[in-house]
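This report describes the packing and the charged pairs of one protein chain. The sequence and the model are shown first, and the text then moves from individual residues to helices, cores and salt bridges.

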Amino acid sequence: GWLAHELGALREVDVHIRRLGDRVRALPPVDIPAGTQLVEALAMERAERSTAVRADLDSSRFGDLVGLLWAATSAPLTRPFPAASCPARTVLPVLIEKRWRRVCRAVEASDAADWSDDALHRVRKAAKKLRYASEMAIPIVGPACKGLTKAAESVQDVLGEGHDAATTQMWLRRRVLDSGSSAAAVAAGELIGREHERGRSCRAQWPKTWRKARRKKLRKCFR
């Protein structure tokens, strides 16, 4: 939705600031000033996006959304669900297995010979939903869900790091094209190289992380 888009864009800028702030300090001294200017540009972008989010939160549209959410929690609309009368201890493993299969399908739909950023991003989102489902079920289904939750989190973390490295590179390329500064281009090139290497490291780590996540013993909570 519109609000999720705005918040996501703000979060992405925060990620870029965190990553590049650390990397700029490690640049050769001659390139640090230009690198610092790139981070300052991000800070300005963050201020603009933060202002936009605050405006959204003050808008009548957001007020209407809060009203709808309040009404939904007070008198939720439901639809017939065959398993609604079944114990949660019985239903939750089935739901977790569905999330697990979606992760597997996302992996199978990708080209293992050339993992694209978009394909791995879809796997990451599916793993995040699996993690939330298995984590939620721990108090009811039991400790068997903990291993799967941790495995899903590991998949989410390694792919999330790779995704952040990719989006940071994209931002740097756009910024250099807009700035037209040769000094900024040199600094950005070095930063892009470091983000690229971090992305490659995550890609190399990903198959091993997935093999661990696929271990049969982690699926005890729905078998």
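## Q205 and its surroundings

Q205 has a relative accessibility of 39%, so this residue counts as partly exposed. The structure is a predicted model, and in it Q205 belongs to helix α7. Between the C-alpha atoms of Q205 and V155 the distance is 9.8 Å, although 50 residues separate the two in sequence.

## The nonpolar cores

V155 is also a member of the largest nonpolar core, which has 30 residues; together with I96, W206 and W210, V155 touches the most other members. Two or more residues of this core come from each of α4 (88-108), α5 (117-141), α6 and α7 (182-213). The largest share, 8 residues, is supplied by α5.

W210 shows how this packing is made up: when neighbours within four places in sequence are left aside, W210 is in contact with W100, V103, C104, V107 and V155. Another core, of 16 residues, lies apart from the one that holds W210; L27, V39, V176 and A188 are among its members.

## Helices α4 and α1

For the 21 residues of α4, a rise of 1.5 Å a residue predicts a span of 30 Å, and the end C-alpha atoms are indeed 30 Å apart, so the two values agree. The buried residues of α4 are V91, L92, P93, I96, E97, W100, V103, C104, A106 and V107. Their cover includes α5, α6 and α7.

Helix α1 has 24 residues, and the distance from its first C-alpha to its last is 36 Å, close to the 34 Å expected at 1.5 Å a residue. Buried in α1 are L3, A9, L10, V13, V15, H16, R19, L20, G21 and V24. These buried residues pack against α2, α3 (60-74), α6 and α7.

## T168, a buried residue of α6

T168 lies in helix α6, which covers residues 144-179. Its relative accessibility is 0%, and T168 therefore counts as buried. The side chain of T168 makes a polar contact of 3.0 Å with the side chain of H16, and H16 is itself one of the buried residues of α1. Apart from neighbours within four places in sequence, the contacts of T168 are H16, R19, L20 and E195.

## Salt bridges

Side chains of opposite charge can pair when their charged atoms come close. Across the whole structure, a search finds 12 salt bridges. One of them joins R11 to D164, with the closest N and O atoms 3.3 Å apart. Because R11 lies in helix α1 and D164 in helix α6, this pair ties together parts that are 153 residues apart in sequence. The partners differ in their setting: R11 counts as partly exposed because its relative accessibility is 46%, whereas D164, at 6%, counts as buried.

R19 and E195, both among the contacts of T168, form a salt bridge with each other at 2.8 Å from N to O. This pair links distant parts of the chain, since R19 is in helix α1 and E195 is in helix α7, 176 residues apart. R19 and E195 are both buried. They also take part in a network of salt bridges that links R19, R23, E161, E195 and R198.

A further salt bridge lies within a single helix: the side chains of R200 and E197 meet at 3.5 Å, N to O. Both residues are in helix α7, 3 residues apart, which is about one turn of the helix. An α-helix has 3.6 residues a turn, so residues three or four places apart point the same way. E197 has a relative accessibility of 44% and therefore counts as partly exposed.

## A buried charge without a salt bridge

Which side chain of opposite charge is nearest to D31? That side chain is R194, 7.5 Å away, and D31 is buried yet has no salt bridge. The cut-off used for a salt bridge is 4 Å.

D31 is located in the loop between α1 (2-25) and α2 (32-57). Residues up to four places away in sequence are not counted here; beyond them, D31 touches V186, A187 and E190.

Methods: Residues numbered from 1 in each chain as written. Predicted model: local features only at pLDDT ≥ 70, side-chain atom pairs only at ≥ 80, totals over all residues. Heavy atoms only, no water. Helix = DSSP H or I, 4+ residues; strand = E, 2+ residues; numbered from the N terminus. Buried < 20%, exposed > 50% of the residue type's maximum accessible area, 1.4 Å probe, protein only. Polar contact = N/O pair within 3.5 Å; in protein donor to acceptor, adjacent residues only side chain to side chain. Contact = heavy atoms within 4.5 Å. Core = buried A, V, L, I, M, F, W, Y, C linked by side-chain atoms within 4.5 Å. Lys, Arg positive; Asp, Glu negative; His and termini not counted. Expected span 1.5 Å × (residues − 1).
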